[in-house]
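Reader: Can you walk me through the cavity, the pocket and the ligand site here? Keep it brisk.

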Amino acid sequence: MFQDKLLGRKGRTLILAYDHGLEHGPTDFNIRSVDPDFVFDLAVKAKVNGIAVLPGVAEEYGKKYGFYVPLIVKLNGKSYLPEGEPYSSQFCSVKRAISLGASAVGYTIYLGSQYEARMLKEFGRIVEEAHSRHIPAVAWVYPRGQAVKDELSTETLAYAARTGLELGADLVKLKYNNDVEGFKWVVRNAGMVDVVVAGGEKHQDYLSFLRMVKNTLEAGAKGVAVGRNVWQSENPLGILEALSKLIFHDVPPEKAISYLTHA
Ligand code: FBP
């Protein structure tokens with residue numbers, strides 16, 4: 001397993017996600033976060049364990065920042081515009097990602113979609129190639145589509161976690177369902193594969209976000225791969241600092257939040 005390249009102290013991780021320009025479109029961005037320089041600068045200053053971007057952004061900004069922050073190049077994606085069953089198509093190879101400076105590659109699987117088989121096949125090939133080149137493959141496993149009755153039930157998320165293990169992912173990225181006990185079962189299903197959680201929409205207040213992250217750690221997750229709750233924030237460096245204290249030093253959310261005031 002190659003996930004060590006993306007882990008920090010205590011085997012935990014703080015990853016910044018910035019693939020939203022395609023996944024959600026510019027609606028997610030504000031005047032600062034629309035600029036990749038701004039987000040890369042945050043990643044470097046906060047010394048995150050990785051930044052997840054699509055190949056175009058890696059191509060334009062990787063040379064400037066790739067030396068300072070590990071690049072996780074996402075190999076597939078989709079916009080939010082098409083209706084119907086989700087399929088995230090691969091538009092970048094492992095080889096190209098490495099030539100762009102990738103320390104790891106990422107891929108989204110919509111488990112349960114009508115197009116699941118294509119995504120499982122593509123990811124299988126990606127794992128094979130990434131491992132032959134000694135880099136980790138990160139799976140975003142998001143159960144989605146008509147066949148999926150409840151994307152966030154513990155059983156569904158456990159299935160997503162298990163899929164990461166069965167396919168050879170090094171890290172599996174999941175949504176969190178605000179159920180600490182249930183999520184322990186989810187994490188167990190991933191076996192030796194480390195689980196990281198997405199941040200989701202921006203929380204109303206910092207403390208509720210930090211508490212959510214704390215709960216995921218308690219359930220056994222190794223950290224977060226988070227986007228909007230950082231770069232949509234008024235104080236993105238402060239929230240990264242607070243996350244870092246929480247994740248790597250087990251500082252409780254109520255204390256970690258103080259880092260927001262002097263960052
Ligand atoms: P957030 O922390 O902003 O939720 O980002 C995590 C993430 O997985 C991104 O990498 C991705 O662009 C987005 O969520 C996709 O979310 P969804 O498919 O639910 O719209």
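Reader: How do the residues of the lining of the largest cavity divide into nonpolar, polar and charged?

Author: Three are nonpolar, none is polar and three are charged. Here Ala, Val, Leu, Ile, Met, Phe, Trp, Tyr, Cys and Pro count as nonpolar, Asp, Glu, Lys and Arg as charged, and the others, Gly among them, as polar. This is a predicted model, where local features need pLDDT of at least 70, side-chain atom pairs count only at pLDDT 80 or more, and totals for chains, interfaces and linings use all residues. Residues are numbered from 1 along each chain as its sequence is written, and side-chain values use heavy atoms, with hydrogens and water left out.

Reader: Which residues line the largest cavity?

Author: Tyr142, Pro143, Arg144, Glu151, Leu157 and Lys175. On a 1 Å grid over the protein atoms alone, a cavity is a set of points where a 1.4 Å probe fits but cannot get out; a pocket is an open set with protein on both sides within 12 Å along at least five of seven lines; lining residues have an atom within 4 Å of a point.

Reader: What is the volume of the largest cavity?

Author: About 30 Å³, as the space filled by probe spheres set on the grid points.

Reader: Switching to the pocket. How much space lies in the largest one?

Author: About 690 Å³. Its lining has 33 residues, with His24, Tyr142, Arg144, Lys175 and Arg228 nearest the centre. By class, that lining is 13 nonpolar, 10 polar and 10 charged.

Reader: And where does the ligand sit?

Author: In the largest pocket, meaning more than half of the ligand's atoms lie within 2 Å of the pocket's grid points.

Reader: Which residues come nearest the ligand?

Author: His24, Tyr142, Lys175, Gly200 and Arg228, out of 16 around it (a heavy atom within 4 Å). That shell has five nonpolar, five polar and six charged residues.

Reader: What polar atom distances are there for Tyr142 and Gly227?

Author: A polar side-chain atom of Tyr142 is 2.4 Å from a ligand oxygen. A polar backbone atom of Gly227 lies 2.8 Å from a ligand oxygen.

Technical notes: A polar contact is a pair of N or O atoms within 3.5 Å; within protein, one must be able to donate a hydrogen and the other to accept it, and residues adjacent in sequence count only if both atoms are side-chain atoms.
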